[in-house]
Amino acid sequence: MSVKTEELIAALDNLLEPGQFRDYAPNGLQVEGCPEVKRLVSGVTASQALLDAAVEWEADAILVHHGYFWKGEDACIRGIKRKRLKTLLDHDINLLAYHLPLDAHATLGNNARLGDLLGLKVTGGLEVGNPRSIGLVGELETALTAQQLTQRIATVLGREPLHIDGGPELIRTLGWCSGGAQGYIEKAVALGLDAFISGEVSEPTFHSAQENGIHYFAAGHHATERYGAKAVGEYLAEAFALEHRFIDIPNPV
Ligand SMILES: [Zn+2]
């Protein structure tokens, strides 16, 4: 089966409500390709390796979390940007990118999926009072030691997280926000949570965790954002009877 590209975009916009977010890049159709989509690839980042894999599979559209045209980037089309755009345009592939809306979706978003996979029960948003909070707050059914939680994260994500030991002996309440949200540790501290999980880590995160008495887990930017685009790709494949493949291009960061 196939779907008109514009119908696919309408379905995505309806699902993810990009108009509700102030984002760092345009959400939706970033590069226009063919008018009809049969084969859809989903992935984390529209890197050259993902584009090449999509070309090889003869995909008509690629859905990603990290697209192009970020605020503040050089607007000129040179170097790797030229190569990436040329690959898309030469093969008539549509590039669909959703950033914050794909983090925040209540069931298919990166954070909802990550919480599910880690066995965390959502109790609220990290941004108190914001119904579209990107980060989430929740709890473990059974309290775990930091070592046990490290093990669980490693098993689920297939990657050993970096743990900064600062919190209580047993962890029950947690905040989490995928990607580069280490700065949100302050929000987790303000809520009095036992631990906070994000993807990346910065030098000040170490001191913040230790001095505020909270555990911090840097579980990988890529590793924590592998689930939203995949879930939305599967949703679209089901809705429009499309052929769909999630293609993981491993990234250790
Ligand atoms: Zn990200």
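Here's a quick briefing on the sheets, helices and empty spaces of this structure. Keep in mind that you're looking at a predicted model. Two open sheets get most of the attention here: one has 5 strands, and the other has 6 strands. After those come a pair of crossing helices, H5 and H6, then a pocket of about 410 Å³ and a cavity of about 40 Å³.

**The sheet of 5 strands**

- Going across this open sheet, the strands come in the order S2-S6-S5-S4-S13, and the pairing is mixed.
- Strand S2 (28–31) and strand S13 (243–246) sit at the edges with a single partner strand each, so each has one side left without a neighbour in the sheet.
- On average, neighbouring strands here are turned by 30° against each other, direction ignored.
- For a closer look, try strand S4 (residues 39–45) and strand S5 (residues 61–66), which pair in the parallel sense over 5 bridges.
- Within that pair, you'll find Gly43 opposite Val64 in S5.

**The sheet of 6 strands**

- This one is also an open sheet with mixed pairing, and its order reads S7-S8-S10-S11-S12-S9.
- At its edges stand strand S7 (120–125) and strand S9 (162–164); each has a single partner strand, so one side of each is left without a neighbour in the sheet.
- The average turn between neighbouring strands in this sheet is 25°, direction ignored.
- Starting from the S7 edge, S7 and S8 run antiparallel and are joined by 5 bridges.
- Lys121 has Glu139 in S8 as its bridge partner.
- S8 is also joined to S10, again antiparallel, this time by 6 bridges.
- Here Val137 stands opposite Gly175 in S10.
- Further along, strand S11 (residues 195–198) and strand S12 (residues 215–218) run parallel, with 4 bridges joining them.
- His215 in S12 is the bridge partner of Ala195.
- A word on background: strands in a sheet pair through backbone hydrogen bonds, and they can do so parallel or antiparallel.

**Helices H5 and H6**

- Helix H5 (residues 110–118) and helix H6 (residues 146–157) have axes that come within 10 Å and cross at roughly 115°.
- That crossing of H5 and H6 is right-handed.
- On the H5 side, Leu114, Leu117 and Leu118 make the contact, meeting Arg152, Ile153, Val156 and Leu157 in H6.
- Sorted by class, the residues of this contact come out as 6 nonpolar, no polar and 1 charged.
- H6 has a link to the sheet of 6 strands too: it lies across strand S8 (136–145), S9, strand S10 (170–176), S11 and S12.
- The angle between H6 and S8 is about 115°.

**The largest pocket**

- The largest pocket has a volume of about 410 Å³.
- Its lining is made up of 22 residues, and the closest to its centre are Tyr24, His99, Leu100, Ile134 and Tyr184.
- S5 and helix H4 (100–104) are the elements that give two or more residues to the lining of this pocket.
- By class, the pocket lining splits into 8 nonpolar, 9 polar and 5 charged residues.

**The cavity**

- The structure holds 1 cavity of 30 Å³ or more.
- The largest cavity has about 40 Å³ of space in it.
- Lining the largest cavity are Ala25, Pro26, Asn27, Gln30, His65, Gly67, Tyr68, Trp70, Ala97, Tyr98 and His99.
- That lining divides into 6 nonpolar and 5 polar residues, with no charged ones.
- One residue to look for in both places is His99: it is among the residues closest to the centre of the largest pocket, and it also lines the largest cavity.

Notes. Residues numbered from 1 in each chain as written. Predicted model: local features only at pLDDT ≥ 70, side-chain atom pairs only at ≥ 80, totals over all residues. Heavy atoms only, no water. Pairing = 2+ DSSP bridges. Axes fitted to C-alpha atoms, helices over the stretch in contact; angles between N-to-C directions. 1 Å grid on protein atoms, 1.4 Å probe; cavity = no way out; pocket = protein on both sides within 12 Å on 5 of 7 lines; lining within 4 Å. Points joined across faces, edges and corners; volume = space filled by probe spheres on them. Nonpolar A, V, L, I, M, F, W, Y, C, P; charged D, E, K, R; others polar. Left-handed = near helix turned anticlockwise from the far one by under 90°. Contact = heavy atoms within 4.5 Å.
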